[in-house]
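The following report looks at charged pairs, nonpolar packing and backbone angles in one protein chain. Please keep the sequence and the structure in view while reading.

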Amino acid sequence: MNQREVFSVPRFAGNGLDERPVRLLLGGCYTEMYDHSIARRIIDEYVLILCTDGEGWLELGDNKRKLVKSGQILFLPQGVAHRYGSTPGRYWSLLWFHCVGSGMPFFFQQIHQAARKDAVSPLTTIGNERFYFERALSVLKDTSSLIDVVAAEAVLTELFCEMANTAQKHSLANKHVIESAVET
């Protein structure tokens, strides 16, 4: 069964909120998508994808293909060529967002600098990423006002903060292990 839901976020111009830290453009979910792939492209948005089931792959920039498993997050930068899709003969299920905003470069840098610049982050880092994705999508599904959009963006902002804090704590823990090994 292939199920797709895509939510386009309405634009609310002239409200003084154009420079929000996280601005949602699109969000959606794909369930049990067989032979699903996105052709190589460059876009001016950050893409956040949670693989909730199955497995797939990612090619980012000129890097080799990386396996993406259930429970992993892809956080793709704007302006970098990428391709991704389900593993041939298998399916994957995804929750996803396209975002822009004044805070997105900061969040991306904080998360990836600490996580060794890897675009694939394991779900086990904070454990509740799916809650954030589902909550933001449920708000978008029934959105009718700017307040709803800002509420969904606040949920994602909190997710980015959690991911950045977790990545930094993990990085510090690894740094201390390396320093201890060097000292002994």
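## Salt bridges and buried charge

Glutamate 153 counts as buried, with a relative accessibility of 2%, where buried means under 20% relative accessible area, exposed over 50% and partly exposed in between, for a 1.4 Å probe and protein chains only. The model is a predicted one, in which local features need pLDDT of at least 70 and side-chain atom pairs count only at pLDDT 80 or more, whereas totals for chains, interfaces and linings use all residues. Residues are numbered from 1 along each chain as its sequence is written, and side-chain values use heavy atoms, with hydrogens and water left out.

The partner of glutamate 153 is arginine 20, and the closest N and O atoms of this salt bridge are 2.5 Å apart; a salt bridge here is a side-chain nitrogen of Lys or Arg within 4 Å of a carboxyl oxygen of Asp or Glu. Arginine 20 lies in the loop between S1 and strand S2 (23-34) and glutamate 153 in helix H3, so the pair ties together parts that are 133 residues apart in sequence. Helices (H or I, at least four residues) and strands (E, at least two) are DSSP runs, numbered from the N terminus. Arginine 20 also counts as buried, at 12% relative accessibility.

Side chains of opposite charge can pair when their charged atoms come close. The structure holds six salt bridges, and the table lists three of them, including the pair just described.

| Salt bridge | Closest N and O atoms |
|---|---|
| Arginine 20 and glutamate 153 | 2.5 Å |
| Arginine 90 and glutamate 55 | 3.1 Å |
| Lysine 141 and glutamate 5 | 3.5 Å |

Lysine 141 belongs to helix H2 (residues 129-141) and glutamate 5 to strand S1 (residues 3-8), so this salt bridge ties together parts that are 136 residues apart in sequence. Both ends are partly exposed, lysine 141 with a relative accessible area of 49% and glutamate 5 at 22% relative accessibility.

Arginine 90 forms its salt bridge with glutamate 55, and this pair links distant parts of the chain, with arginine 90 in the loop between S7 and S8, glutamate 55 in strand S4 (residues 46-60), and their positions 35 residues apart. Here arginine 90 is partly exposed, with a relative accessible area of 40%, while glutamate 55 is buried at 15%. In addition, Glu59, Arg65 and Arg83 are linked in a network of salt bridges.

Glutamate 55 is also among the residues that threonine 87 contacts, together with Gly56, Trp57 and Leu67, when neighbours within four places in sequence are left aside; contact means heavy atoms within 4.5 Å. Threonine 87 sits in the loop between strand S7 (82-86) and strand S8 (91-100), and at 15% relative accessibility it counts as buried.

## The nonpolar cores

In soluble globular proteins, nonpolar side chains tend to be buried together. A nonpolar core is taken as a set of buried Ala, Val, Leu, Ile, Met, Phe, Trp, Tyr and Cys residues joined through side-chain atoms within 4.5 Å. The largest such core has 30 residues, of which Leu24, Leu48, Phe75, Phe97, Phe133, Leu156 and Phe160 touch the most other members. Two or more residues each come from S2, S4, strand S6 (72-76), S8, helix H1 (104-114), H2 and H3, and H3 gives the most to this core, with eight residues. A second, separate core of 16 residues includes Leu60, Leu76, Trp92 and Trp96.

Phenylalanine 160 is placed in helix H3 (residues 146-183) and is buried, with a relative accessible area of 0%. Apart from neighbours within four places in sequence, phenylalanine 160 is in contact with Val22, Leu48, Phe75, Met104, Phe107 and Ile111. From phenylalanine 160 to isoleucine 111 the separation is 49 residues in sequence and 7.9 Å in space, C-alpha to C-alpha.

Phenylalanine 133 touches Leu48, Ile49, Leu50, Ile73, Leu95, Trp96, Phe97 and Leu159, not counting residues up to four places away in sequence.

## Positive phi angles

Glutamate 32, in strand S2, has a phi near 45°, a positive value in a residue other than glycine, and at 29% relative accessibility glutamate 32 counts as partly exposed. Aspartate 35 likewise has a positive phi, of about 50°, although it is not a glycine. Aspartate 35 lies in the loop between S2 and strand S3 (37-41) and counts as exposed, at 67% relative accessibility.
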